[in-house]
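Please look through the structure shown here, beginning with its sheet and then turning to one of its helices.

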Amino acid sequence: MDLEVRQVTNSLKLVRVGLINYYLFDSLLFDCGTTCTALKLIESLDRSIQSIVVSHAHFDHIAGLAVIKSKFPDARVFAHERIAGLVKKDKVIETWNEENREFCNKFGENVDPFNLDFEIENVSTENFPEHLKIIETPGHSPDAISLLNEKEGFMLVADALGYPLSSGKNIPMYFHSFSKYIESIEKIKSLTDKVCLGHNGAIFNSEYCDVAIEEAFKLKDEIQGGLTEEDVFKRIYKEEMSLYPLSTIKAVARLLVKRSLE
Ligand SMILES: [Zn+2]
């Protein structure tokens, strides 16, 4: 897995480990990736971490929390209020472990099982300095949050704008709700000029929001016109998406069809 470090603004640093974007400013880390990418992140760190924000409860954003928290046991962990309950469910942890193991194995990395048996605090704007705002951005997932830095004009949006392939293509990711996904993207566009996504080093100006909306409508229209789950799967299981577990991408195709037909 290759590692890229990029200074985005005065305070914001991107550390990309393979497909996963980590964002650092001051002693705050936004998003946790997988366990194997988190180990590589830790090796590259030039600071200690005091706050960790988890963008949403998908394995490629939360599994690495176990590794980061064991390196920085005093760091406070913040996430949407739904996530503190989710991590107590054995079945959820088991599924994330399977996806995390399969993902890391594809990169030749062996991983240990993990749990998330520690306090996760409800994230809120009050937890942070005044220029940082927590914005709920559901649609990709019900517990998706974004972090806006008003002073430096950037927003960390994780997967709220879909999945950016390194070829430049955008894969829509409205797993929770199509209408909420579109609403969240419109909200993001109204709040910031710079959007920092969750994968493949993708940082764009806010015009990218229009691309994400257009691609989402295009896919929904095609599904409503008869594109099947199998068609959607074949279309998206390529480039970086093919490095995800097969079962994950099958579930992605199933959800995209389901939400398009609601
Ligand atoms: Zn996600």
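In this predicted model, 7 strands form an open sheet whose order is β1-β2-β3-β4-β5-β6-β7, with mixed pairing. At the edges lie β1 (3-7) and β7 (121-122), each of which pairs on one side only. Within the sheet, strand β3 (residues 20-25) and strand β4 (residues 28-30) run antiparallel and are joined by 3 bridges; Tyr23, for instance, has Phe30 in β4 as its bridge partner. Helix α1 (residues 35-44) packs on this sheet, where it touches β1, β2 (13-17) and β3, and the direction of helix α1 makes about 135° with that of β2.

From the sheet we turn to helix α5. This helix has 17 residues and reaches 24 Å from its first C-alpha to its last, close to the 24 Å expected at 1.5 Å a residue. Its buried residues are Ile93, Trp96, Glu99, Asn100, Arg101, Phe103 and Cys104, and what covers the buried residues of α5 includes α1, α2 (59-62) and α9 (246-260), so that helix α1, which packs on the sheet, is also among the elements covering α5.

Lys106 belongs to helix α5, which spans residues 90-106. Is Lys106 buried or exposed? Lys106 is partly exposed, because 14 other C-beta atoms lie within 10 Å, a count that falls between the limit of 12 or fewer for exposed residues and that of 20 or more for buried ones. Just after α5, Gly108 takes a positive phi of about 75°. Finally, Lys106 and Ala216 are 110 residues apart in sequence, and their C-alpha atoms are 29 Å apart in space.

How values were computed:
Residues numbered from 1 in each chain as written. Predicted model: local features only at pLDDT ≥ 70, side-chain atom pairs only at ≥ 80, totals over all residues. Helix = DSSP H or I, 4+ residues; strand = E, 2+ residues; numbered from the N terminus. Pairing = 2+ DSSP bridges. Contact = placed C-beta atoms within 7 Å. Axes fitted to C-alpha atoms, helices over the stretch in contact; angles between N-to-C directions. Expected span 1.5 Å × (residues − 1).
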